[in-house]
Structure formats: C-alpha cells, structure tokens
Amino acid sequence: AEYHVVIGDGGGPMDAHADHGSLVTFDFMLSDTAEFEGGAFQTVELGGEVTTHSFERGDALVFQSHKQHGVAALTGRSSRRNIMVCELWES
C-alpha cells in the first residue's frame, strides 16, 4: 500500500503509466474534492483517447494494473490531494 500526498500549485502531475508486476490496482480518494483543484484521475483507452474519471472522497477506483493511467497536475495554490493506493500481486 502507498499513501500519496500532493500539495500546491502545479504539484503532482503523474504521466500515464502502468503498475507493472501487479494484477489489480485500487485507488482510494481520501480528500474532499473541495480541498484541491485539478488532479483529475485519467486512463488511456485502447484508441489512445484519454478518459477522465469522477473520483470523490470515499470512492475507490479498481482497474487492471496494466491499464495506462495518470493524474493531472494540481492547479490551486492551497490544493492538497490524498490518495491510498493498493496493488494485488501474484504470489
């Protein structure tokens, strides 16, 4: 499990990537979306188009770990985005 905290204007853009080696990824939103601006969770679909997913406090996004995904930069100066990420690995 990983605890991700991103703070501040322009903080935390995470380019599209896959979680290689694991099977399933769980992202849990811990922040109220009123606490940050930007920081949208996005996936890259088979045709290359990017889909932005709604992600509110208490929500969990569950996806196959090989799926390309990323996070847009925070845009608000006082923004703070907290996420818990868990991955299931093959034994």
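Here are four short exercises, with worked solutions, on a predicted model.

**Exercise 1. Find which residues of strand β4 lie on its covered face and which on its uncovered face.**

Step 1. Start with a general idea: in a regular strand, side chains alternate between the two faces of the sheet.

Step 2. Now walk along β4, which covers residues 41-44. Phe41 and Thr43 belong to the covered face, while Gln42 and Val44 belong to the uncovered one.

**Exercise 2. Work out which strands pair with β4, and in what sense.**

Step 1. Look at β5, residues 50-53: four bridges connect β5 with β4, and the pairing is antiparallel. Within β5, His53 is the bridge partner of Phe41.

Step 2. Follow the chain from β4 to β5. This hairpin has five residues between the strands, and Gly48 in the hairpin has a positive phi near 95 degrees.

Step 3. Turn to β7, residues 69-71. β7 is also antiparallel to β4, with three bridges between them, and His69 of β7 stands opposite Thr43.

**Exercise 3. Follow Phe41 inward: which core and which aromatic partners does Phe41 have?**

Step 1. Check the largest nonpolar core. This core has 11 residues, including Phe41, Phe55, Phe63 and Met29. Two or more core residues come from each of β6 (60-64) and β8 (80-89).

Step 2. Look for ring pairs. The whole structure has three aromatic pairs. One of them joins Phe41 and Phe63, with 5.6 Å between the ring centres and 45 degrees between the planes. An angle under 30 degrees would count as stacked and one over 60 as edge-to-face, so this pair is called tilted.

Step 3. Place the pair in the chain: Phe41 is in β4 and Phe63 is in β6, 22 residues apart. Both are buried, and together with Phe55 they form one aromatic cluster.

**Exercise 4. Locate the two salt bridges and say which parts of the chain they tie together.**

Step 1. Recall that side chains of opposite charge can pair when their charged atoms come close.

Step 2. Take Arg57 and Glu35, whose closest N and O atoms are 3.3 Å apart. Arg57 is in the loop between β5 and β6 and Glu35 in the loop between β3 and β4, so this salt bridge ties together parts 22 residues apart in sequence.

Step 3. Take Lys67 and Glu45, at 2.9 Å from N to O. Lys67 sits in the loop between β6 and β7, and Glu45 in the loop between β4 and β5, so parts 22 residues apart in sequence are tied together here too.

Step 4. Check exposure. Arg57, at 49% relative accessibility, is partly exposed, and Glu35 is partly exposed at 36%. Lys67 at 26% is partly exposed, as is Glu45 at 23%.

Technical notes. Residues numbered from 1 in each chain as written. Predicted model: local features only at pLDDT ≥ 70, side-chain atom pairs only at ≥ 80, totals over all residues. Heavy atoms only, no water. Buried < 20%, exposed > 50% of the residue type's maximum accessible area, 1.4 Å probe, protein only. Pairing = 2+ DSSP bridges. Core = buried A, V, L, I, M, F, W, Y, C linked by side-chain atoms within 4.5 Å. Phe/Tyr/Trp six-rings, centres within 6.5 Å; stacked < 30°, edge-to-face > 60°. Salt bridge = Lys/Arg side-chain N within 4 Å of Asp/Glu carboxyl O.
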